[in-house]
Amino acid sequence: MNLHDFDNIEKCGNFAAKDGKNYPPDKDGNAFILSDKYKLSGSMHYDRLPVSTLLMPPVELSLWSDEDFLAGEWGYIDGKGKEIIAPQYIYANDFVDGLAVVCKGKWIVKSDNSYWCDEQLWGVIDVNGNEVIPCRYEGIKVFDNTSEFYRVCSNGKWGVIDRQCNWIIQPQFESLGREYHNGLVEFYDTWEITEDSVCGIYDANTQKVLRTR
């Protein structure tokens, strides 16, 4: 997601400024005035623009988040600026193939004015806000090369599910690679992937490890 910070016009990318207002493009590339209550935005896809009512200071977040800058209080508007999904997610992504990964939770402001969330409940929604994958998982990540499957964390381990919430690979790994090819996926022995992380290939078709290095 490419975020747009409305308090800093130089970061607004494909937004234009006029009379102190910021104008994100609608689905036809035209501009409309965004409500003052929104502080951040993602990118327009499937006539849905993620918007946050909260512009957060430096935050302390759980280890499941790769992109701390996505934190906020997110909902979605359409190409005319109408709010379709009310702000209710502490994380929200752009729509891909009509679906978006989101996270429910409640921010707690700590003594140092940073934010923390005790419980993060990740899921996937459609463009109307219906939960295609219920918001009950510890983490959900997309694959770079397919939107038919998701990397999902349950009980501290990562596995793979399809859009119907069927487990294709049971949660058993510390972390998984970013691509999924015909049932094959890389796995790692640490949640933070480095050059020293032990890597292997798992085959969902046979439910077996093919090799490790």
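A residue counts as exposed when its relative accessible area is over 50%, as buried when that area is under 20%, and as partly exposed in between. The model on screen is a predicted one.

**Stop one: Asn155.** Select Asn155, in the loop that joins strand E15 (149-154) to strand E16 (157-162). Its relative accessibility is 69%, so Asn155 falls in the exposed class. Now check the backbone: phi at Asn155 is positive, at about 55°, although the residue is not a glycine.

**Stop two: Gln207.** Move on to the loop between strand E20 (199-203) and strand E21 (208-212), and pick Gln207 there. Gln207 is not a glycine either, yet phi is positive, at about 55°. Is Gln207 exposed or partly exposed? With a relative accessibility of 38%, Gln207 is classed as partly exposed, because the value lies between the two cut-offs of 20% and 50%.

**Stop three: Ser175.** Go next to strand E18, residues 175-176, and select Ser175. The relative accessible area of Ser175 is 6%, so this residue is buried.

Which residues surround Ser175, apart from neighbours within four places in sequence? Show Trp158, Glu186, Phe187, Tyr188, Thr190, Trp191 and Ile193; each is in contact with Ser175.

Keep Thr190 displayed for the last step. Draw a distance from the backbone oxygen of Thr190 to the polar atom of the Ser175 side chain: the separation is 2.6 Å. Thr190 is thus both on the contact list of Ser175 and the residue whose backbone oxygen lies 2.6 Å from that side chain's polar atom.

Note on methods: Residues are numbered from 1 along each chain as its sequence is written. This is a predicted model: local features need pLDDT of at least 70, side-chain atom pairs count only at pLDDT 80 or more; totals for chains, interfaces and linings use all residues. Side-chain values use heavy atoms; hydrogens and water are left out. Helices (H or I, at least four residues) and strands (E, at least two) are DSSP runs, numbered from the N terminus. Buried means under 20% relative accessible area, exposed over 50%, partly exposed in between (1.4 Å probe, protein chains only). A polar contact is a pair of N or O atoms within 3.5 Å; within protein, one must be able to donate a hydrogen and the other to accept it, and residues adjacent in sequence count only if both atoms are side-chain atoms. Contact means heavy atoms within 4.5 Å.
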